[in-house]
Amino acid sequence: MDKSGFGGCQENGTCLTALCQVCSLVHTWHPCIQGFLLNVDFPGSDVVDLYSPSVEHCQELCTQHPSCLFFSYNRSFRCYLKSSSSGHPQSQVLLLGVTSGYSLKTCNLEPTLCFSQVFEDVDFHGGDYETFFTANFEECQRVCTLDPVCQFFTFVTGNFSSPDVRYKCHLKFSWFVPRPAAVALKSGVISGFSQKPQLTQHFATVCQSQLFSNTDFRGNDFLESQAVSPEHCQFLCSVHPLCTYFSFSSNDFRCFLKNNPNSMVAKTKSNFTSGISSHLCQIDESWAKLTYRDIEFRGSDFRSEVVNFVDICQEKCTEDPNCQFYTYHNGSFFHPEHRHRCYMKRVVTMPTPSHIRRVDNVMSGFTLRNCRSS
C-alpha cells in the first residue's frame, strides 16, 4: 500500500480552486456505500495511514478525515485512508486479510463516536497520562469514562507474564479538540474557528489565568503543537492532562507544552509568551471567537465556496457540522481567482491510539462517554 498519489485538496498548503471543486463535487455525488469488502484491497491513492483497532473504527476515521473517500484495513491494525480525483479506487485486488470500504460522508449519518468493543490481547500503546491498579477491565473502563480527558485505556490482566504489573490500568489521551496542522503568516487572508463550543464539559468556576510576556519557561517540553495565539496555546495546555505550563513563540506560532510539576524556571525572551495550565474550571474560549488577519490555517480543506465577507464564512463554518476552522481569502488576496473564497477545514478528533500492537493478556478499549451521550 504505497503512500504516493493524491494528497488532498491542497498544494503548498493552499487549496487550489479547481481541485477543491472536484473534491466538493465528489462529496456531493459519490454514492453512500456502508458495507465492507472482505479480502479486497484498494491499492495506492494513500493520503495517510493510521492505527485503528477495527474496520468500523477505520471507516469512521475515513469519514472524519477531510479528504478521505475510501480506505483499506489490514490485520496489523493499519488503516490506510485514501482519495482520488474521480472519487473511486483506481483498482480492486483480492488480498487475504485486508478489508476495504468507503467514507460515510455522503450518507448524512450521525457520527459513530461510540466504540464499546473491548479488544483482548491488544495493547493501545502510548498516550498514557495516569496509571493505577483496578480489580478488572470493567473498573478501568468505568474510570476512563468518568475522566473527561480519557479517550481509551489498556488493562493488564491477572495472567500477564510480569506479576508486578498485573491488574494495572493505563488511562490514555488523544486530542479531542481541533488543532490546525499548520499556521502561517500570509497577506490577504483571514482565519478563524467555528463558533460551536470547543468543550462539552462545563464548570461553575471560571479559570483564573495569567500570561507572562517576553518570558520563556525553559525546558521540560513533551509536545509541540501549532497555535494561533498565546491564549490558544494555553487552552491546548489546559486540555492536555500532562501539561503543567507552556511557552508560545509568536514568530512561528509554535506552542511548547511542558511537564514538570516540581519546578518552573522563567527566562526573559522576546517574542515568547508563557503561562500555566488551568484545572477543574471553565477554560476561556474567547480566543476562538476572534478572527486572525493575515494568518492562514494551511491544509485540512474539505470544501470551499465563494462568499462576500469573512463574517459569512464564519457563519457557514459554524452551520456546517463538519467544519472546525476556516481560512478566507479577502479582496486583497494576490490571486484574483481565489478572492472571496471560504475554505472550510477539519481534522480528526475521534479517539485514535498512536500505536496498536498484539500483547498477550492485556485488554484495551475506549471511553463510553460518547455511548451515553448518543
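Modeller: Helices (H or I, at least four residues) and strands (E, at least two) are DSSP runs, numbered from the N terminus. This is a predicted model, in which local features need pLDDT of at least 70 and side-chain atom pairs count only at pLDDT 80 or more, while totals for chains, interfaces and linings use all residues. Residues are numbered from 1 along each chain as its sequence is written, and side-chain values use heavy atoms, with hydrogens and water left out.

Colleague: How far apart are the end C-alpha atoms of residues 207-281?

Modeller: UniProt, in an unreviewed entry, lists residues 207-281 as "domain: Apple", together with residues 32-107; such annotations may be inferred rather than shown by experiment, and the positions follow the numbering used here, with feature names shortened. The span 207-281 is 13% helix and 45% strand. Its end C-alpha atoms lie apart by 5 Å.

Colleague: Which element gives the largest share of the largest nonpolar core?

Modeller: A nonpolar core is a set of buried Ala, Val, Leu, Ile, Met, Phe, Trp, Tyr and Cys residues joined through side-chain atoms within 4.5 Å. Here the largest has 40 residues, and Phe-193, Phe-235 and Val-239 have the most contacts inside it. Elements giving two or more residues to this core include strand 10 (182-193) and helix 4 (230-239). The largest share, 5 residues, comes from helix 4.

Colleague: Why do the buried residues of helix 5 lie on the same side?

Modeller: Buried means under 20% relative accessible area, exposed over 50%, and partly exposed in between (1.4 Å probe, protein chains only). In helix 5 (residues 310-319), the buried residues are Val-310, Cys-313, Gln-314 and Cys-317. They are on the same side of helix 5 because, judged by the directions from the helix axis to the C-beta atoms, they cover an arc of only 100°.

Colleague: Which strands do these buried residues of helix 5 pack against?

Modeller: Contact means heavy atoms within 4.5 Å. One residue of helix 5, Gln-314, is in contact with Phe-193. The buried residues of helix 5 pack against strand 10, strand 16, strand 18 (325-329) and strand 19 (341-345).

Colleague: Which side chain does a polar contact of 3.2 Å join to that of His-125?

Modeller: His-125 lies in strand 6 (residues 119-125) and is partly exposed, with a relative accessible area of 35%. Leaving aside neighbours within four places in sequence, His-125 is in contact with Lys-172, Ser-354, His-355 and Arg-357. A polar contact is a pair of N or O atoms within 3.5 Å; within protein, one must be able to donate a hydrogen and the other to accept it, and residues adjacent in sequence count only if both atoms are side-chain atoms. At 3.2 Å, the partner of His-125 is Arg-357.
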